[in-house]
Amino acid sequence: QALDFKATTSLLGALTTKQISYAKDVTGNRDALDKARFRTSMANATWVPKQENQQAETDVRMLTKTAWHIGGGYNIGVGYADQHGFSKLGTHAGLEPPRLYEYAGLTVTSFTKSSGPFMSDQRKDARIETMLGSKKERHDYAVQDMESKMKLVNDSLETVIVELIRTVRTNLKENEDTIEQLYLRLADEFLTRIDMAQLQGVWSEYQEQSKLREVWISEFEEQAEGLEVQRAALVKNELQILGAVLLDVAHELRGPIERMLEEYAHKQNILVLNNRRAYADMVQRLRRHEIEKDKKSRARWETRKGAWYDTLHDRAVAKCKATLLSKPYANPKKRDTLYGALRSQQVILFERRVNMWMDLQALTPPSLTTDKSKAWMENLVQLDSEQELEHKQRCGALRKFEMEHFHDSQTVVEGLKKELKGYAEMTDAPMPSEDELKECSQEFEELILKRREVGQEAVRQCSETLALQLDYLSVPGI
């Protein structure tokens, strides 16, 4: 029995139905399983007996198709009767073409609607046009479905990359606040409370923060590159699926299909390249900003270190000044003690001298004798000698103290110079020259020199006054 023609042509439209599931490849026949994926219920159509007129139509079609191809190169409107010698093969001699079923040697008593002598060409058959339309519809649907999937892929990845950009921007912005908090520890009001270790610790912490920022930028670069690799893999998979489906539909030949797939692939490659160029430009801008930020932060830290050094310098100078202006150096207690002892001793000596004069006044004849006068004179000379020695010792002690006090003050100034040199070594600052140290300590040098001169002048005046006093108290002519 012949296969129903309508059943076979409707099979083409049934290929657009959903593919069936099948078991795993347990027999190794991969080709059969691949073909089974596209099997439909129409593919299992059974053979049905035909009526007599349907069978006659089938025979006429088969034989007519055979006769049609006898004269190869037949073209419409080229005089095919003369070309194939129809005037000698049939009863219809002349230029009029014979009926095709007579040319095939058939005698048909009954005809169906489409099996008569004026049957249309197969290329114009409505059923073939329906089949071609179905192929075009399936072809366009596959292309449209692939485009929608590619749009979905691009939209979903765009959301991810926007979130990655937002994340790295937020992290870098929040990290800037953390860095600013670091430098707040180097404000002017805190510089006097920190040492070199704490100052270096601020820069070390900044370097850790800078490394963390670089990690965030590198992670963004890797994740963005991973997204583009994922995009390329998804697009490649969709294009491969589209190619397999279009070749199976066979609406167009392999060449046009491959060119169309190459065009889609080219567009996606341009998209991926543009995205990578944008990511590279973004990462390059971020890293250039980080380099500039590191330079500015280093300059800022150096500025704060210089301010810290200046603070140490000013603090050392202020400490030296406060030391020299303090009571132990401005009005030392030892000086008061020495002058107090000198005054006390002068009072004692003066009282002895008064007592001696009172004793001399009490000597009246007959108590006043030559021996007693000589003894009194000897005691007075001894008192003058003792007082003169006392003057020299006391004034010498004062001069010695003034020199010691001057040297002590010089030690304070030298300590200032040494401390400034130590700060320069500790902070890697330029070592101050001798001229700079001299200029810094000039004020204090002048102060201690003035104090020494004032002290020595006071001792000189005291010594002269004591000498005049002794001359005044001495007995004339002795």
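Buried here means under 20% relative accessible area, exposed means over 50%, and partly exposed sits in between, using a 1.4 Å probe and protein chains only. By that yardstick, C462 counts as buried at 17% relative accessibility. What you're looking at is a predicted model, where local features need pLDDT of at least 70, side-chain atom pairs count only at pLDDT 80 or more, and totals for chains, interfaces and linings use all residues. Residues are numbered from 1 along each chain as its sequence is written, and side-chain values use heavy atoms, with hydrogens and water left out.

**The big picture**

- The protein chain has 13 helices and zero strands; both are DSSP runs numbered from the N terminus, with helices (H or I) needing at least four residues and strands (E) at least two.
- Of the 478 residues in the protein chain, 28% are buried.
- Contact means heavy atoms within 4.5 Å. Take the contacts in the protein chain between residues at least 6 apart in sequence, and 80% of them join residues at least 24 apart.
- About 31,600 Å² of the protein chain is exposed, with carbon and sulfur atoms supplying 55% of that area; accessible areas come from the Shrake-Rupley method with a 1.4 Å probe, and for residues only the protein chains shown count as cover.

**Helices α11 and α12**

- Helix α11 covers residues 333-362. Its 30 residues reach 43 Å from first C-alpha to last, close to the 44 Å expected at 1.5 Å a residue; the expected span is 1.5 Å times one less than the number of residues.
- Buried residues in α11 include R335, L338, Y339 and G340, and what covers the buried residues of this helix includes α10 (327-330), α12 (370-427) and α13 (434-473).
- M358 is also in α11, but at 48% relative accessibility M358 counts as partly exposed.
- Together, F350, V354 and M358 make a nonpolar surface patch of about 260 Å². Patches take residues with over 30% relative accessible area and no salt bridge, joining like charges within 9 Å and nonpolar side chains (Val, Leu, Ile, Met, Phe, Trp, Tyr) within 5 Å.
- The 58 residues of α12 should span 86 Å at 1.5 Å a residue, and the end C-alpha atoms are 85 Å apart, which agrees.
- Just after α12, D428 takes a positive phi of about 60°.

**Salt bridges**

- The whole structure holds 29 salt bridges, each being a side-chain nitrogen of Lys or Arg within 4 Å of a carboxyl oxygen of Asp or Glu.
- R166 and E163 pair up at 2.9 Å, N to O; both lie in helix α7 (residues 126-184), three residues apart, about one turn of the helix.
- E225 and R276 meet at 3.1 Å, N to O. This pair links distant parts of the chain, with E225 in helix α8 (residues 196-249) and R276 in helix α9 (residues 254-325), 51 residues apart.
- K267 and E263 form a salt bridge at 3.8 Å, N to O, and they are four residues apart in helix α9, about one helical turn.
- E176, R213 and E290 are joined into one network by salt bridges that share partners.

**Cysteines**

- A search of the whole structure turns up zero disulfides, where a disulfide is a pair of cysteine sulfur atoms within 2.5 Å.
- C320 is in no disulfide, and the nearest cysteine sulfur, that of C440, is 8.1 Å away.
- C462 is in no disulfide either, with the nearest cysteine sulfur, that of C395, 4.7 Å away.
- C320 is buried, with a relative accessible area of 3%.
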